[in-house]
Amino acid sequence: MKRLISSAASDIIKMSAPELKQAILASEGRTIVGETVVTTSPLIEGLSNAEVMAAFGADIIILNELDVFHPVVPGVDGIEASEIIQTIKHLTGRPIGVNLEPVDPDVGLLEHAVQLPKGRQVSPESLAAANDLGIDILFLTGNPATGVSMSAIGAAVVLAKQYFNGLVFAGKMHGAGMQESIVDEAQLTQFVKDGADGVLIPAVNTVPGVYEEENRQVTKAIHALGGVVVATIGTSQESATTSVIEAIGLSNKRVGVDCHHIGDGSYGRMPDPENIVALSLAVRGKRHTYFRMAQSIRR
């Protein structure tokens, strides 16, 4: 199995879910994950944000706020809904993931709740729809003010493994409107024991009060179970200075995570392109950064 960071589009398109997971693990902590919102206009007219993130070095693309019952991606026009994910794969040569949100109706929030359409929430129907679209990866997580709890994510993991054939990563990038522990080793390891392929944890220097030692302990525990760890930037720092992004990336390296996620909180609701490059350079240097940026999707 090739490392994901060394794979061409023709390699990636043939990977099964277990092979994609192994390709991530084989990349030894150097995989870059870029996320974009698909409910606003793209950063550059005439292009999808997925194409921009791929061009600047992202190995994996996550589409946030995609309604799997009515999939629309700005910049990918005139395409049948059933073909939209396959079209983005063709345009980028990357694995494509989406967020689905396990909303907990019984929790109290710190702010006014956002009401989500059914196509963004976890259910047997939405999971089956994600599968039919050809999505490679699910992030079971919560956007701000959605009322997604860690316990609801745990229940969603079990459901996802019944209805979805791709990779399943579970956890929170931030509080999602709640006050609860989101770097909880017992909960995160249980996600993997229940079938998740990996977990999401907030990168150090993003969510207040998260430290390298606790992230390191969680990462060791997840790796012992064969899981993947994704460290996330979900606090709008994707639009911070490049020095901040570099510091987060190097902290992730000390923790030992497998994937470095950079979120959708900047202009055009995607990471600043130069910050994708800064994160990539910090965690894998010019060789792999330029390889990914320059590689043709025809390879």
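Here are some numbered notes to help you find your way around this predicted model.

1. A good place to start is the barrel. Eight strands close into it, following the order β1-β2-β3-β4-β5-β6-β7-β8, and their pairing is parallel. From one strand to the next, the twist averages 25 degrees. On the sheet packs helix α4, residues 84-92, which touches β2 (60-64) and β3 (96-100). The direction of α4 makes about 135 degrees with that of β3.

2. Next, look at where the barrel closes. Strand β1 (residues 31-37) and strand β8 (residues 259-262) run parallel and are joined by four bridges. If you would like to trace this pairing by eye, T31 stands opposite C259 in β8, and G34 stands opposite I262 in that strand.

3. Strand β8 also has a partner in β7. Strand β7, residues 228-232, pairs with β8 in the parallel sense over two bridges. Here the bridge partner of A231 is H260 of β8. Are the two faces of β8 covered or open? Both are covered: C259 and H261 lie on one side, H260 and I262 on the other, and all four are buried.

4. Now to the nonpolar interior. The largest nonpolar core has 61 residues, and the members that touch the most others are L63, I135, L140 and F191. Helix α6 (residues 150-163) gives the most to this core, with five residues. A separate core of 19 residues lies apart from it, and includes L20, A23, V33 and L200.

5. I135 deserves a visit of its own, as one of the residues touching the most other members of the largest core. Which residues does I135 touch, once those up to four places away in sequence are set aside? They are V68, I85, I96, G97, V98, A130 and F164.

6. For a helix pair, turn to α9 (residues 242-255) and α10 (residues 273-294). Their axes come within 8 Å and cross at roughly 35 degrees, and the crossing is right-handed. On the α9 side the contact is made by T242, I245, E246, G249, L250 and K253. On the α10 side E274, N275, A278, L279, A282 and V283 take part. By character, the residues of this contact divide into six nonpolar, three polar and three charged.

7. Two loop residues make a nice contrast. L116 lies in the loop between β3 and α5 (124-133), while P144 is found in the loop between β4 (137-140) and α6. L116 has a relative accessible area of 11%, so it counts as buried, being under 20%. P144 has a relative accessible area of 48%, so it counts as partly exposed, between the 20% and 50% limits.

8. What is L116 in contact with, leaving aside its neighbours within four places in sequence? The residues are E101, V103, Q121 and T146. As for its position relative to β8, the C-alpha atoms of L116 and C259 are separated by 28 Å, and the two residues are 143 apart along the chain.

9. Finally, P144 offers one more distance to check on your screen. P144 and T235 are 91 residues apart in sequence, and their C-alpha atoms are 9.7 Å apart in space.

Notes: Residues are numbered from 1 along each chain as its sequence is written. This is a predicted model: local features need pLDDT of at least 70, side-chain atom pairs count only at pLDDT 80 or more; totals for chains, interfaces and linings use all residues. Side-chain values use heavy atoms; hydrogens and water are left out. Two strands pair if DSSP finds at least two bridges between them. Axes are lines fitted to C-alpha atoms, for helices over the stretch in contact, and angles run from 0 to 180 degrees between N-to-C directions. Contact means heavy atoms within 4.5 Å. A crossing is left-handed if the near helix is turned anticlockwise from the far one by less than a right angle, and right-handed if clockwise. Ala, Val, Leu, Ile, Met, Phe, Trp, Tyr, Cys and Pro count as nonpolar, Asp, Glu, Lys and Arg as charged, and the others, Gly among them, as polar. A nonpolar core is a set of buried Ala, Val, Leu, Ile, Met, Phe, Trp, Tyr and Cys residues joined through side-chain atoms within 4.5 Å. Buried means under 20% relative accessible area, exposed over 50%, partly exposed in between (1.4 Å probe, protein chains only).
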